[in-house]
Amino acid sequence: MILENERLDELHRKGYKIIQDPNRFCFGMDAVLLSAFANVRKGEKVLDIGTGTGIIPILMEARYGGESYVGIEIQEDVADMASRSVKYNNLEDKIVIDNADVKDALELYGSSHFDVITTNPPYMTVDKGLVNPSDTKALSRHEISVKLEDIMSISSKILKNKGRFYMIHRPARLVEIMNVMRKYNLEIKRIRMVHPYIDKEANMVLIEAMHDGKPFLKVENPLIVYEKSGEYTKEVMDIYYGG
């Protein structure tokens, strides 16, 4: 079940744990914040694009229930690790991990299939930043195998009418994100900026969009991650530890 160099980490929700390999890639705060920002209702079907370790489906199942979750991941070994985490937590009847390219999602799932889509995509284009020599980290951080427009294009096809799309990204690309979303009939309905400290500029943005939604944008109060002391704020503590 647990391979060499892997470890089992506590998720602090419903006793769930997750398998990770610290020498390759571990989930970050962005995935945890996204799982708390998104929402899943009873009976809804959810797809997580680029699921990596499977952290988002596992955390969201713990938070919301929902009918079913699918995590799609192009890297075979990472998808295998996510599948083993699902099995470890006895969630095979709720979560499926598919080792596939998201660009094949329409063929795999059919049109208008999901009520909710989540994604914590690569933040950087290949011409920005240093590309990590580790393939796993490079694919996770740079738009190598999938680009922002690929995600929006396929999501608009497999998301139901009025279905919801949730993403975390960098504020510097927000205008680009808005333009691409509108191109594919994904209307941004809610955003929340994430600031490391109250007096520092935002370094992440949480986004909710609706397929074929009407124009109306709610900007929520900012989420502050750290107190001046360097400790997590109460809100972030609650997100991590189930308050």
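In the predicted model, helix H1 (residues 29-37) and helix H8 (residues 234-241) are roughly perpendicular to each other. Their axes come within 10 Å and cross at roughly 85 degrees; because angles of 65 to 115 degrees count as roughly perpendicular, the pair falls in that class. On the H1 side, the contact is formed by Met-29, Val-32, Leu-33 and Ala-36, which meet Val-236, Ile-239 and Tyr-240 of H8. The residues of this contact comprise 7 nonpolar ones, with no polar and no charged residue among them.

Burial in H1 extends to residues outside the list of those that meet H8. Of the 9 residues in the helix, 8 are buried, and H1 is thus mostly covered. The buried set consists of Met-29, Asp-30, Ala-31, Val-32, Leu-33, Leu-34, Ser-35 and Phe-37. Met-29, Val-32 and Leu-33 are therefore included among the buried residues and also take part in the contact with H8. Asp-30, a charged residue by type, is likewise buried.

Strand E3 (residues 45-49) is also largely enclosed by the rest of the structure, since 4 of its 5 residues are buried. Two pairings involve this strand. With strand E4 (residues 68-73), E3 pairs in the parallel sense over 5 bridges, and Ile-49 has Ile-72 of E4 as its bridge partner. With strand E6 (residues 114-119), E3 is joined by 4 bridges, and these two strands also run parallel; here Leu-47 stands opposite Ile-117 of E6. The pairing of E3 with E4 is accompanied by a helical connection: E3, helix H2 (residues 55-64) and E4 make up a β-α-β unit that is right-handed.

Ile-72, the bridge partner of Ile-49 in E4, is in addition contacted by Leu-108. Leu-108 is located in helix H4 (residues 105-109). When neighbours within four places in sequence are left aside, the contacts of Leu-108 are with Ile-72 and Ala-100. The relative accessible area of Leu-108 is 46%; because the partly exposed class lies between the limits of 20% and 50%, Leu-108 is assigned to it. The C-alpha atom of Leu-108 is separated by 9.6 Å from that of Asp-98, a residue 10 places away along the chain.

Note on methods:
Residues numbered from 1 in each chain as written. Predicted model: local features only at pLDDT ≥ 70, side-chain atom pairs only at ≥ 80, totals over all residues. Heavy atoms only, no water. Axes fitted to C-alpha atoms, helices over the stretch in contact; angles between N-to-C directions. Parallel < 35°, antiparallel > 145°, perpendicular 65-115°, else oblique. Contact = heavy atoms within 4.5 Å. Buried < 20%, exposed > 50% of the residue type's maximum accessible area, 1.4 Å probe, protein only. Pairing = 2+ DSSP bridges. Right-handed = clockwise from strand over helix to strand, strands pointing away.
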